Structure formats: structure tokens, C-alpha cells
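Me: I would like to go through this model and ask what stands behind each label. Please keep the answers short.

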Amino acid sequence: MGASQGAGRGGRAPRPTAERDPGLQPERTRLAWRRTVLSAAVVAVLAGRQVLRSGAPGPVEVTLAALVALVWVAFAVAADLRMRTMAAGRPAALPARLALLVAGCTVGLAAGGAALLLPGR
Amino acid sequence: MGPGIRLWFSPGRVREEGTTPDYRFSLANERTFLAWLRTGLALVGGGFAVDQFLPRLHGSLRLAFTVVLLVGGALCALRAVNHWVRCERAMRRGEDLPLSRFPAVLALCVGLLAVAVVVLTLIGWTN
């Protein structure tokens, strides 16, 4: 949507309605993905902080922190892929693989956090 | 939840059924999925926050709250996928959207948890 949408902003003639949904559904869906990636970033930062506070030996700490970063990157890449398909006039339905991937990242962060709680006490 | 789970592992099968709904309905379903996913992320983040930012809460209590929030967040994320698949299938088949007790249960649990944390902090059940 990027370039064509930008061109439409400067008060030019509106595009034909057949091409553009007046409810801005793809736009709203794209923003929903963006919000979700931001939420995931907050959780990843907290998870990283959790790792740093766990008192694990240095190399383990670094590995776990890298793993947290990797999970967030996977999340963001999946979201980016989806946001790109929103550029189409009528985007195809969300592939189940992407849905499973982002949900899996969330579950992974939760499971990792729970696992970190075990040795510290 | 039952029949939906099979669809998780063979997602292509959803597309074989019924007719493709208006793309706007699919996108609305996708946004609902994302909203539930954010709810799950918020619970997971809340679990980390309880562990990291309530240091004076009694150790085992803090552990319990943290684990409950982390597990709740993970369940929320899994349920988001499940509900999304079921809604997508219902739309393709032209059926009613699935009903669910999950939102009410989740609201109750989160409310109880919040009250518990406030009360425990107020009466000073801390280290």
C-alpha cells in the first residue's frame, strides 16, 4: 500500500471505491499487527531483564538473552510478512502458519520465563 | 475446543470447506485474533512484572502469581489461534460464530488476581 497510499494523501482525487475499502480494513489490520509487535517487544524486554536477573552463569545468560531476541525477531518477521500482504487491495486470509508462529512465540516466552523461575529459589 | 485442534496441524483443510467469505470479515477475525494475542502478551508481561517489580511480596506468593500469569498468557495465546480457526471455519460454512465462556472466565480470573495483589500489598504480607 505504501507508495500509492502516500500519493493519495495530498488532497488528490480519491481512488475508485472498488479498489479501496472505505472501512480501511487492511489499514486497521496492519496497525493491529504493529501494536502486537510492540506488545511483543515489551514482553521481550521484560523477558531479557528476567534472564539478566536470573543469576545464571555468564555464557548461559548470553545464550538465553540471544534466544529471547531471536523469538522477538521471528515474531516481527512474521508480522512484517503479513503487513506486506496488506498492500493488496483484497488481502488473502491470514495463513494459519503465521498465526501459529506468533502464538508459539508468545507461548515460548511464557514457558522460558517459567523455566527461569525454577533454579533461582 | 475439540475438532478445532485437528485444523491447527492441517490448516489447508479450512480452505477446502465452504466458500471464501468477504475479505473484510476475515480481516476482522484476524484483528480479533491479534487482540487476543495481545491480551496473552500482556498477561505474560504482567507475570514478568510481578516477579521483577514486587520484590517485597512474599517469595512463594510472588512465584504463584508469576506462574499463574505466565500460564494464563500462554493459554490465552493458544486459545486465540483456536478461536480464530473456528471462526474462520464457521464463516466459510455459513454457520453462526462459536460462543465461548473464555472471556468471562478470563475476566473473573484477572479481576480476582488483581484484588488479591492489592489486598496482599495493603495488609503487608511481605518479607
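The exchange below takes up chain A, then the interface, then salt bridges and burial.

Reply: One caution at the start: this is a predicted model.

Me: What makes up chain A in terms of helices and strands?

Reply: Four helices and zero strands. From the N terminus on, the order is α-α-α-α. Of its 121 residues, 36% count as buried. Chain A exposes about 6,700 Å², and carbon and sulfur atoms supply 68% of that area.

Me: How do you know which contacts in chain A join residues at least 24 apart?

Reply: Take the contacts between residues at least 6 apart in sequence; 69% of them join residues at least 24 apart. A pair counts as a contact when heavy atoms lie within 4.5 Å.

Me: What is the buried area between chain A and chain B?

Reply: The two chains bury about 3,400 Å² between them. Carbon and sulfur atoms account for 69% of it. An interface is often sized this way, by the accessible area lost when the parts come together. The contact takes 39 residues from chain A and 34 residues from chain B.

Me: Why is the pair Glu30(B) and Arg82(A) called a salt bridge?

Reply: The cut-off is 4 Å between a side-chain nitrogen of Lys or Arg and a carboxyl oxygen of Asp or Glu. Here the closest N and O atoms are 2.6 Å apart. The pair therefore meets the rule. Across this interface the rule finds one salt bridge. It also finds 11 residue pairs in polar contact there, with both residues at pLDDT 80 or more.

Me: Which elements of chain A give two or more residues to the side that touches chain B?

Reply: α2 (25-53), α3 (58-85) and α4 (96-120) of chain A. α2(A) gives the most, with 16 residues. The residues on this side of chain A divide into 23 nonpolar, eight polar and eight charged.

Me: What makes Arg62(B) and Asp51(B) a salt bridge?

Reply: Their N to O distance is 3.6 Å. The limit is 4 Å, so the pair passes. Arg62(B) lies in helix α4 (residues 59-93) of chain B and Asp51(B) in helix α3 (residues 23-53) of chain B, so the pair ties together parts 11 residues apart in sequence. Both Arg62(B) and Asp51(B) are buried.

Me: Why are Arg24(B) and Asp22(B) called partly exposed?

Reply: Buried means under 20% relative accessible area, and exposed means over 50%. Arg24(B) has 33%. Asp22(B) has 27%. Each value falls between the two limits, so each residue is partly exposed. The two also form a salt bridge, with the closest N and O atoms 2.8 Å apart.

Me: How do you know that Arg93(B) and Glu95(B) are partly exposed?

Reply: The limits are 20% and 50%. Arg93(B) stands at 39%. Glu95(B) stands at 43%. Both values lie in between, so both residues count as partly exposed. Their side chains meet in a salt bridge at 3.6 Å, N to O. Over all chains the count comes to six salt bridges.

Me: Why is His83(B) called buried?

Reply: Its relative accessible area is 15%. That is under 20%, so His83(B) counts as buried. His83(B) has its place in helix α4 of chain B. His83(B) and Pro98(B) are 15 residues apart in sequence and 7.9 Å apart in space, C-alpha to C-alpha.

Key: Residues are numbered from 1 along each chain as its sequence is written. Chains are lettered from A and ligands numbered from 1 in the order in which they are written. This is a predicted model: local features need pLDDT of at least 70, side-chain atom pairs count only at pLDDT 80 or more; totals for chains, interfaces and linings use all residues. Side-chain values use heavy atoms; hydrogens and water are left out. Buried means under 20% relative accessible area, exposed over 50%, partly exposed in between (1.4 Å probe, protein chains only). Accessible areas come from the Shrake-Rupley method with a 1.4 Å probe; for residues, only the protein chains shown count as cover. Buried area is the accessible area (1.4 Å probe) that two parts lose on being put together, summed over both. A polar contact is a pair of N or O atoms within 3.5 Å; within protein, one must be able to donate a hydrogen and the other to accept it, and residues adjacent in sequence count only if both atoms are side-chain atoms. Ala, Val, Leu, Ile, Met, Phe, Trp, Tyr, Cys and Pro count as nonpolar, Asp, Glu, Lys and Arg as charged, and the others, Gly among them, as polar.
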